[in-house]
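Trainee: I keep meeting labels such as "buried" and "oblique". Can we check a few against the values?
Mentor: Good plan. Let us look at the model.

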Amino acid sequence: MPAVSKGDGMRGLAVFISDIRNCKSKEAEIKRINKELANIRSKFKGDKALDGYSKKKYVCKLLFIFLLGHDIDFGHMEAVNLLSSNKYTEKQIGYLFISVLVNSNSELIRLINNAIKNDLSSRNPTFMCLALHCIANVGSREMAEAFASEIPRILVAGDTMDSVKQSAALCLLRLYKTSPDLVLMGEWTSRVVHLLNDQHMGVVTAAISLITCLSQKNPDEFKTCVSLAVSRLSRIVSSASTDLQDYTYYFVPAPWLSCKLLRLLQCYPPPEDGAVKGRLVECLETILNKAQEPPKSKKVQHSNAKNAILFEAISLIIHYDSEPNLLVRACNQLGQFLQHRETNLRYLALESMCTLASSEFSHEAVKTHIETVINALKTERDVSVRQRAADLLYAMCDRSNAKQIVAEMLSYLETADYSIREEMVLKVAILAEKYAVDYSWYVDTILNLIRIAGDYVSEEVWYRVIQIVINRDDVQGYAAKTVFEALQAPACHENMVKVGGYILGEFGNLIAGDPRSSPLVQFNLLHSKFHLCSVPTRALLLSAYIKFINLFPETKATIQEVLRCDSQIRNSDVELQQRAVEYLKLSSIASTDVLATVLEEMPPFPERESSILAKLKKKKGPGAVSVTELDDGKREAGELNGGGDRGPDTASTPSPSADLLGIRSAAPVGAAQTNAVAVISHFHSYPFIPYLSCCLSASIPALFCGLSLHPCPVLWPPSSAPPSEDPAPPLSEADELLNKFVCKNNGVLFENQLLQIGIKSEYRQNLGRMYLFYGNKTSVQFASFTTTVSCPGELHKPVEPLVEGGAQIQQVLNIECITDFSDAPLLNIKFSRYGGALQNLTLKLPVTINKFFQPTEMSSSDFFQRWKQLSQPQQEAQKIFKANHSMDTEVLKAKLLGLGTALLDNIDPNPENYVCAGVIQTKSQQIGCLLRLEPNAQAQMYRLTLRCSKDTVSKRLCELLAQQF
Amino acid sequence: MQFMLLFSRQGKLRLQKWYVPLSDKERKKISRDLVQTILARKPKMCSFLEWRDLKIVYKRYASLYFCCAVEDQDNELITLEIIHRYVELLDKYFGSVCELDIIFNFEKAYFILDEFLLGGEAQETSKKNVLKAIEQADLLQEVHSVLLQFSAL
C-alpha cells in the first residue's frame with residue numbers, strides 16, 4: 001500500500017526536504033531554512049488569500065523545520081485556521097501542528113478550543129477522533145477546563161463509535177493526569193468500570209489505562225473493577241490463540257490487555273471473595289504453566305509477549321505476598337531466566353528477584369541461586385545487568401551467606417565500574433556490619449574496603465568503623481594491629497590514615513608491647529603520612545599525637561619537637577596552628593594527672609542506627625532515617641551538653657522534656673563552677689576528632705574557649721508575686737503571625753501600642769536558639785513583666801520570668817527538637833502598666849518544624865529515586881492553591897531557601913518548577929523531606945507536593961507552606 | 001509512557017513524541033543526552049536501562065533506533081513489543097518502511113502513532129484496526145481531491 005503517492009502528496013514539501021538533505025554543511029542548512037522561512041512569512045503576510053492547500057503545505061514545512069530543532073515563532077494562526085477547514089487533510093495537519101507546537105498563548109487557545117468544540121459536536125467520528133487526539137496531545141489546563149466535563153459523556157454514551165470511545169478514554173486519562181481536580185468522575189464511575197466488559201477489545205485496552213489510574217487515586221470508588229478484571233483476564237488466559245483474532249500477537253492472546261489487567265489488580269489487595277480469588281489464582285497458575293510449554297513460535301516477539309505477561313503476573317504475586325506456593329514457583333521460573341541466553345530476560349529476572357528476596361516466603365528460594373548471581377556479577381558484559389546482580393546479592397544476603405557475598409562484592413569492587421562504586425562500598429559496609437559475628441572480620445572487611453576503593457569510602461563508612469571499635473573492647477587490639485599493618489603499605493589511602501590516626505591514638509598502647517610496633521614506631525609511621533594529607537586529616541593526626549603523649553610519655557620529647565617546628569606552630573592554616581600551639585602548651589604545663597583526665601579514652605558511643613545505612617537510604621531514598629551523622633563535633637559545647645546524650649547533664653539544667661519540643665532555659669552561668677563536661681571547641685570545624693572529655697580545672701581554663709552555655713539574662717529577680725491570672729488563649733492572629741516566620745528567622749513578631757516583640761533566631765541541626773526582644777513603646781514602666789513558654793499538650797515549663805523596666809530587654813530561649821511536631825509552643829506575656837490593667841496576651845512562638853531542616857544537595861537521579869521511594873500515599877501531601885503573593889522567581893527562591901531546604905536546580909524536567917530537599921533533624925530521628933512546587937503563572941495557582949519519610953511531617957509542612965506563596 | 005524518540009545512527013532525531021509537559025529546552029536536553037547514551041551502547045547489550053528516574057526501553061531497526069521512556073512500574077517487555085508493533089504498522093503502511101519514508105512522510109508517521117498510542121498508552125493494538133483508521137483518512141483525502149477535480153471542471 002504505497003500511500004505515499006496517494007492523494008495530494010505535497011510536492012513542495014518533498015522538494016524542500018530533499019534540499020535540506022542535500023545540504024553539505026550545517027551553515028548551508030541554516031541558510032536554506034532561513035530562505036524558506038522568509039518565503040513562508042511573505043506568503044502568510046501577502047495580500048493574496050492563500051488557498052487551503054498552500055496553507056497546509058507551508059504549515060507542514062514549518063513543522064518540519066521545527067522538528068529539525070529550529071525555533072518557530074509564527075504560523076500558529078494559519079494552523080488554527082486549518083482546524084476549521086472542512087477538508088480532512090488540512091484539518092489533520094492543523095491539529096498536528098498544534099499538538100507538536102503547543103503554545104500557551106491564551107488568545108490562540110480560545111480559538112483552538114472553539115475548533116475542537118465544533119469537531120467534538122460534529123458527530124463525524126473521524127473529526128471527533130482528531131479533536132480528542134489533539135486534547136490528549138496538548139493536555140493543557142485550559143483544555144481540561146473546557147472539555148473535562150464533556151469527554152466522560154462521550155466516553156459512556158451508547159451511540160459513540162468504538163474508535164471514538166477509545167480516544168475519549170485516553171484523552172480523559174491525560175486530562176486527569178494534568179488536572180485531577182477538574183476531572184470529576186462521580187456519576188460516570190460505574191459506567192466507566194463496566195467498559196471492562198465491552199465487546200470491543202480495543203475499547204477495553206484503552207479504558208483500562210484510565211481505570212487503573214483512577215483506581216490508584218480512588219481505590220474504594222473503583223473497587224468493583226477487581227472482579228470484572230479477574231473474569232476478563234480469565235477469559236483471555238483460557239482462550240485459544242486464534243480466538244481473539246487480530247488481538248492475538250504472535251500466538252499470544254491480547255498481551256497488552258493482559259498486562260494491563262494484571263497491573264490494575266496490583267492497585268488492590270487480594271480479592272476477598274473466595275470465588276474471585278480462586279479464579280485469579282487459577283489464572284496465575286495457568287500463566288506460570290504456559291511458561292513451561294514449548295514456544296509456539298521461534299520469533300522473539302512471541303517469547304517477549306508471553307514473558308511480559310509472566311513478569312506482570314509475578315509482580316502481582318509479589319504484590320499479594322500471601323501465596324507461598326506461587327511465590328516459590330515464581331522464584332523458580334525467574335531462576336531459569338537467570339541463565340537464559342537473552343540478556344533482556346536475565347536483566348529482568350535479576351530485577352524481579354530482588355523484590356522476591358524480601359518476602360519471607362521466597363527468601364530461602366531466592367538464596368539457592370546465589371552461585372548464578374555471583375557468576376552474573378563476574379561475567380555479564382553489560383554494566384546495567386551487573387548492577388542488577390549486585391542489587392540482588394545485597395537483597396539476598398543474610399547471616400548464612402554474608403561472608404561469601406561480602407567477599408564476592410569486595411573482589412568485584414576492584415574492577416567495578418566507577419558509576420556504581422560508591423553504592424557498592426556502602427552496601428559492603430552495611431552487610432559487613434549487619435552480619436558480623438566476629439568483629440575482627442568486620443574490621444578486616446572495612447580496611448579492605450578502604451584499601452580497594454578508598455576514594456569511594458565516604459565519611460560515614462570510616463566514622464562507623466571507629467564507632468564500632470570504640471564500643472567493642474574485644475576488637476580494639478585487633479583493630480590497632482591490623483590498621484598498623486595496613487599503614488605500612490607504601491601508598492595508602494588518606495581514609496586509612498584517618499582511621500589509623502584515630503585508632504592508634506586511642507588504642508596504640510594495646511600493641512605497643514611488640515617492639516615492631518613500639519610507640520615511636522607507631523608515631524613515625526603515622527607521621528610519615530602527615531605531609532601527604534589534607535588539612536582535616538592533619539588536624540586529626542595532631543590530636544592523635546597529643547593522645548600519644550598521654551599514652552606513651554616516652555614519645556613526649558619527639559612529639560613536642562614536631563609540634564614546635566615552624567611548619568606546625570606557624571602553619572598558615574589557623575586550625576592546624578592553633579592545635580599545634582595549644583597541644584604544645586598543654587603537654588608542657590599540665591601535670592600527668594591533668595593530661596590523663598583531659599586525654600582520657602573516648603567513652604562509648606550511644607547505640608544508634610548505622611550512619612552508613614542512613615547514607616545508603618539517602619542515596620536510595622530515605623526511610624525513617626534516625627541517625628546522627630557523627631558530626632557532633634560540629635556542635636557547640638553548650639548544645640552538646642544540652643543534648644544530654646553524652647556525659648552528665650549540667651546540674652541546674654532542667655532535664656529535657658521527654659517528648660515533643662523541649663524548650664527550656666539554659667543553665668545559669670554558675671554551671672561553669674560545677675563539673676561541667678565540655679568539649680574543646682577548637683575541634684569544632686572538623687567532624688569526628690577525638691573529643692577530649694575533660695574536667696574543667698582551674699589550672700588550664702585559658703585553653704578552653706567557647707563554653708557556650710547561654711544564660712537567660714535575668715534582669716531582675718523573678719517577680720515575687722507573679723500575676724496569678726491564667727494565660728490568655730492565643731490571639732486570633734497568632735497563626736498568621738507564625739506564618740510570617742516560616743521562611744525567615746528574624747523580624748518583628750508582634751506589635752501593639754504598648755509592646756513590640758522582636759525575634760532573632762538561629763538553628764543548627766535539632767537545636768535552636770531564639771532571642772526575644774521586648775520593647776516597651778510607652779514612657780512608663782511595665783511592672784511584673786513575666787513571660788511563660790509552654791508546649792501545647794505537653795510539659796509546661798516556665799522560662800525564667802522577666803521583669804521589665806525600661807526600653808528593651810532580651811530573653812534567650814534554647815530549643816531542642818525532640819521529635820516532629822505540629823503545634824507551635826506558646827508564649828504568654830503578662831505585665832501591668834503603672835496604674836493600668838493587667839495585660840495578658842499569648843502568641844505562638846515561631847518555631848516550626850522546618851526550622852530544623854538541614855539542606856541536602858543531591859543529583860537528579862538521587863532525587864527521583866528517593867521521590868519514588870516515598871510513594872506510600874500517606875507519605876505524600878499535596879495542595880493546590882491560589883497564589884497569595886507575587887509569583888516572581890526571585891521572591892519564590894528566597895522563600896524556598898528561607899525554608900531551610902536545599903533548592904535544587906536541573907532536577908525537575910520543567911524549569912518553571914521548584915524542587916527542594918532537606919532532612920529535618922530531631923533528637924530522636926531524622927526525617928527526609930522532598931518538596932516540589934509547581935507554579936502556574938497563568939492561573940495564578942500553585943501545586944505543592946511534599947513527600948517525607950514521616951506522614952505527619954508531610955501534612956504539617958504542606959499546611960505551613962501553602963500559606964507562604 | 002513519558003516519551004518516544006526515533007533517531008538515526010548518526011544521532012538525528014526523526015520523530016519525537018512527548019506525553020508529559022516539558023519545556024522545549026528540556027526536551028532538547030533529554031533527547032541529546034539519551035541519544036548519546038544509547039548510541040554509546042554495544043549491540044548485544046540489554047534493551048533496558050535505568051536513566052534518571054525512568055526506565056528506557058530501546059531497540060534498533062536497521063538504521064533507526066526506537067526508544068521509549070516508561071515509568072518504574074511499567075513493563076519493559078511489553079514496551080519492547082509496543083515498539084515492534086509500531087514498526088510493523090509503519091512497515092505495512094509504507095510497504096517495507098525505511099528511514100527515508102519516515103523523513104519524507106513524517107506527518108504520516110505521527111498520524112499512525114496517534115492511532116496506536118494516545119497519551120502514552122496503547123489505544124488500539126490490533127494492526128487491522130489501526131491501518132483501517134489511517135486508510136479511511138487517506139480515503140477522505142482522495143475523495144476531496146476527486147471533488148476538487150470535479151469542481152475544477
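Trainee: How many helices and strands make up the secondary structure of chain B?
Mentor: This is a predicted model, so keep that in mind throughout. Chain B has five helices and seven strands. From the N terminus their order is β-β-α-β-β-β-α-α-α-β-β-α.

Trainee: What share of the residues of chain B count as buried?
Mentor: The figure is 61% of 153 residues. A residue earns that label with under 20% relative accessible area. The accessible surface of chain B is about 6,200 Å². Carbon and sulfur atoms hold 54% of that surface.

Trainee: Now chain A. Why are α25(A) and α26(A) called oblique to each other?
Mentor: Take the angle. Helix α25 of chain A covers residues 459-471, and helix α26 of chain A covers residues 473-487. They pack at about 120 degrees, with axes 6 Å apart. Roughly perpendicular runs from 65 to 115 degrees, and roughly antiparallel needs over 145. The angle of about 120 degrees fits neither class, and therefore the two helices are oblique.

Trainee: Which residues of α25(A) and α26(A) meet?
Mentor: From α25(A) come A:V469, A:I470 and A:N471. From α26(A) come A:D473, A:V475, A:Q476 and A:A479. By class, this contact has four nonpolar, two polar and one charged residues.

Trainee: How many aromatic pairs does a search of the whole structure find?
Mentor: Over all chains, 25. One of them joins A:Y249 and A:Y250, with ring centres 4.7 Å apart.

Trainee: What makes the pair of A:Y249 and A:Y250 edge-to-face?
Mentor: The planes stand 75 degrees apart. Edge-to-face asks for over 60. The pair passes, so the label holds.

Trainee: Are A:Y249 and A:Y250 buried or partly exposed?
Mentor: A:Y249 has a relative accessible area of 1%. The limit for buried is under 20%, so A:Y249 is buried. A:Y250 stands at 23%. Exposed needs over 50%, so A:Y250 falls in between and counts as partly exposed.

Trainee: How do you know that B:Y61 and B:F66 form an aromatic pair?
Mentor: Their centres are 5.5 Å apart. Pairing requires centres within 6.5 Å, so they qualify. The planes make 80 degrees, and this pair is also edge-to-face. Both B:Y61 and B:F66 are buried.

Trainee: Which residues form one aromatic cluster with B:F106?
Mentor: A:F16 and A:F64 join B:F106 there.

How values were computed. Residues are numbered from 1 along each chain as its sequence is written. Chains are lettered from A and ligands numbered from 1 in the order in which they are written. This is a predicted model: local features need pLDDT of at least 70, side-chain atom pairs count only at pLDDT 80 or more; totals for chains, interfaces and linings use all residues. Side-chain values use heavy atoms; hydrogens and water are left out. Helices (H or I, at least four residues) and strands (E, at least two) are DSSP runs, numbered from the N terminus. Buried means under 20% relative accessible area, exposed over 50%, partly exposed in between (1.4 Å probe, protein chains only). Accessible areas come from the Shrake-Rupley method with a 1.4 Å probe; for residues, only the protein chains shown count as cover. Axes are lines fitted to C-alpha atoms, for helices over the stretch in contact, and angles run from 0 to 180 degrees between N-to-C directions. Angles under 35 degrees count as roughly parallel, over 145 as roughly antiparallel, 65 to 115 as roughly perpendicular and the rest as oblique. Contact means heavy atoms within 4.5 Å. Ala, Val, Leu, Ile, Met, Phe, Trp, Tyr, Cys and Pro count as nonpolar, Asp, Glu, Lys and Arg as charged, and the others, Gly among them, as polar. Rings of Phe, Tyr and Trp (its six-membered ring) pair if their centres lie within 6.5 Å; planes under 30 degrees apart count as stacked, over 60 as edge-to-face and the rest as tilted.
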